[in-house]
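Open your viewer and get ready to click along. This short tour tells you what to select next and what you will find there.

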Protein chains: 2
Amino acid sequence: MPISEGQADGAVNRDDTIFELLQELNQRLSPKFERHAGISFTRLRLLQELYRLGPVSQNTLQRKVGIDAAAVTRHLKGLEENGLIARGSDPADGRAILVSLTERGQNAMSSCREEKGRFLEQLLSGFKEEEVALLARMLERLCGNIKQI
Amino acid sequence: MPISEGQADGAVNRDDTIFELLQELNQRLSPKFERHAGISFTRLRLLQELYRLGPVSQNTLQRKVGIDAAAVTRHLKGLEENGLIARGSDPADGRAILVSLTERGQNAMSSCREEKGRFLEQLLSGFKEEEVALLARMLERLCGNIKQI
DNA sequence: TTGTTATAGTTGACGGGTCAATAAATTGGG
DNA sequence: CCCAATTTATTGACCCGTCAACTATAACAA
């Protein structure tokens, strides 16, 4: 019989808890955000990056947002159908596609961003500013660790 | 095409960063965990809960792990095909299905749990025990906040 | 009893992510 | 110059989660 160890909560030890919390958090966060903001967090990030960077290739966009190239292709397809972005060929590189934010996309982005602000305020309610900073630093450390696994 | 170098510094402010980091973390965590442990984190959780609780209905299992009933059904289908769990009818309730861990499932669970330990060790490397506790507390607070949105 | 309501589980459609294979264009070494 | 290797984007297959519709059973009230 494998070691009993059955704690009162589901997790076997505190390390487990971290993993479970991260998973639970994200699974609840994404749908709620989308319902609030009317757009998925990833798509909003794409629009924001596009706004920050101006017209760029899908490739650089992909690296900025940190998702798979295939996912980027499909998101952009959807965003293009909604008229929020435009895609054109890159005169300097026949392989690349230059993606740019349309005016409509810019408007959508701004209004969603306000929603996002309210959402994040609620998410972080009760956190002092320095706690937020501390949390961010810890999450960054985790990100750093994961990259080396 | 594995992702490369997604900095989370596209964020407009620190609150954004938190959200981006959480998302990035989970998106990287799950695939890496699965490759390491040979089983998805959710499925391992199912096996562990089954071990802790003994034979239970899918419903209680679902509430424990915190995912959709449909997802549970499909996970259990897969686990059953692999011989890790067994499903039988509940004599006390004709609607319910009693799920139990097979011997093979128990063995799989124990060995995966060791892998998980190593994985978490790497993930949390550089964290002092009290930092882990602090992190867990903060994530719990976030979880609490999200439930009220 | 019977009919209504609630609960357990399944299934299908969908969104979001991964990886692998592929086409087209660029790059670079012989 | 040319051929091989690399890079960009796309597509298909798959996993994992959601929600909504459905079936079967249970619980309960009239």
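Begin with G38(A), which comes right after helix α1(A) and has a positive phi, near 80 degrees. Helices here are DSSP runs of H or I with at least four residues, strands are runs of E with at least two, and both are numbered from the N terminus.

Before moving on, a word about what is on your screen. This is a predicted model, in which local features need pLDDT of at least 70 and side-chain atom pairs count only at pLDDT 80 or more, while totals for chains, interfaces and linings use all residues. Residues are numbered from 1 along each chain as its sequence is written, chains are lettered from A and ligands numbered from 1 in the order in which they are written, and side-chain values use heavy atoms, with hydrogens and water left out.

**Stop 1: two helices of chain A**

Now select α1(A) itself. This helix has 24 residues and spans 34 Å from its first C-alpha to its last, close to the expected 34 Å at 1.5 Å a residue. The expected span is 1.5 Å times one less than the number of residues.

Next, select residues 129-147 of chain A, which form helix α6. Its 19 residues reach 27 Å between the first and last C-alpha, close to the 27 Å expected. Colour the buried residues of α6(A), among them V132(A), L135(A), L139(A), L142(A) and I146(A). Buried means under 20% relative accessible area, exposed means over 50%, and partly exposed lies in between (1.4 Å probe, protein chains only). An α-helix has 3.6 residues a turn, so residues three or four places apart point the same way.

What do the buried residues of α6(A) pack against? They meet α1 (14-37) of chain A, together with α1 (14-37), α5 (103-123) and α6 (129-147) of chain B.

**Stop 2: where the two chains meet**

Show both chains. Here, 68 residues of chain A are in contact (heavy atoms within 4.5 Å) with 65 residues of chain B. The area buried between chain A and chain B is about 7000 Å², and carbon and sulfur atoms give 65% of it. Buried area is the accessible area (1.4 Å probe) that two parts lose on being put together, summed over both. On the chain A side, select F19(A), I146(A) and I149(A): they lose the most area to chain B, together 11% of what that side buries.

Now click on E131(B), in helix α6 of chain B. Is E131(B) buried or exposed? It counts as buried because its relative accessibility is 19%. Leaving out residues up to four places away in sequence, E131(B) touches M138(A), R141(A) and G126(B).

For a contrasting view, select E114(B), in helix α5 of chain B. E114(B) counts as exposed because its relative accessibility is 51%.

**Stop 3: DNA strand C**

Select DNA strand C and the 27 residues that surround it; the closest are T42(A), D68(A), H75(A), N59(B) and R74(B). A residue is near a strand if one of its heavy atoms lies within 4 Å of it. Of the strand C atoms within 4 Å of the protein, 69% belong to sugar or phosphate and the rest to bases.

Zoom in on some polar contacts, which are pairs of N or O atoms within 3.5 Å; within protein, one must be able to donate a hydrogen and the other to accept it, and residues adjacent in sequence count only if both atoms are side-chain atoms. A polar side-chain atom of H75(A) is 2.2 Å from a phosphate oxygen of strand C. For Q58(B), the distance from a polar side-chain atom to a phosphate oxygen of strand C is 2.8 Å.

Which element gives the largest share of the surface near DNA strand C? That is α4(A), with four residues.

**Stop 4: DNA strand D**

Finally, select DNA strand D. Among the 24 residues around it, N59(A), R74(A), T42(B), D68(B) and H75(B) come nearest. A backbone N or O atom of N59(A) lies 2.5 Å from a phosphate oxygen of strand D. Then turn to R74(B): an N or O atom in its side chain is 3.1 Å from a base oxygen of strand D.
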